[in-house]
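Subject: Structure for your review

Dear colleague,

Please find the structure below, with the sequence. My findings follow it, and I would be grateful if you read them with the model open.

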Amino acid sequence: GGGVTADFADDKNRLAKSDAELIRSIKLGFEGANLVMPPFGSILSEPEIRNALAYIREAFDPLRARGR
């Protein structure tokens, strides 16, 4: 089934999650009401997952990414 992509630009609640929660979602995937993300844990290495999260934080939550 399809779904819509995560809205990091307008939904700040997603980025309020801890790094551990977001890394878990990247590794294991998740399914919500209108949102499905496949697991990437077997596709991406640990450093690639951390780099993806760092990119998301920097692009959509720059103050938190810089520790503010």
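G29, just after helix α2, takes a positive phi of about 75°. Helices here are DSSP runs (H or I, at least four residues), numbered from the N terminus. This is a predicted model, in which local features need pLDDT of at least 70 and side-chain atom pairs count only at pLDDT 80 or more, while totals for chains, interfaces and linings use all residues. Residues are numbered from 1 along each chain as its sequence is written, and side-chain values use heavy atoms, with hydrogens and water left out.

Helix α2 itself spans residues 19-28, and L22, I23, S25 and I26 are buried in it. Buried means under 20% relative accessible area, exposed over 50%, and partly exposed in between (1.4 Å probe, protein chains only). These four buried residues lie on the same side of α2, because they cover an arc of only 155° around the axis; the arc is that of the directions from the helix axis to the C-beta atoms. On the face turned away from this buried side, α2 carries the exposed residues A20, R24 and L28.

I turn next to the charged pairs. Side chains of opposite charge can pair when their charged atoms come close. The structure holds three salt bridges, a salt bridge being a side-chain nitrogen of Lys or Arg within 4 Å of a carboxyl oxygen of Asp or Glu.

One of them joins R57 and D19, with the closest N and O atoms 2.8 Å apart. R57 lies in helix α3 (residues 46-60) and D19 in helix α2, so this pair ties together parts that are 38 residues apart in sequence. R57 is buried, at 5% relative accessible area, whereas D19 is partly exposed at 37%.

A salt bridge also forms between K27 and E46, whose closest N and O atoms are 2.9 Å apart. This pair likewise links distant parts of the chain, K27 being in helix α2 and E46 in helix α3, 19 residues apart. Both residues are partly exposed: K27 has a relative accessible area of 31% and E46 one of 33%.

E46 forms a salt bridge with R50 as well, the closest N and O atoms being 3.5 Å apart. R50 and E46 are four residues apart in helix α3, and are therefore separated by about one helical turn. R50 is partly exposed, at 46% relative accessibility. K27, E46 and R50 are thus linked in a network of salt bridges.

With kind regards

Methods:
Helix = DSSP H or I, 4+ residues; strand = E, 2+ residues; numbered from the N terminus.
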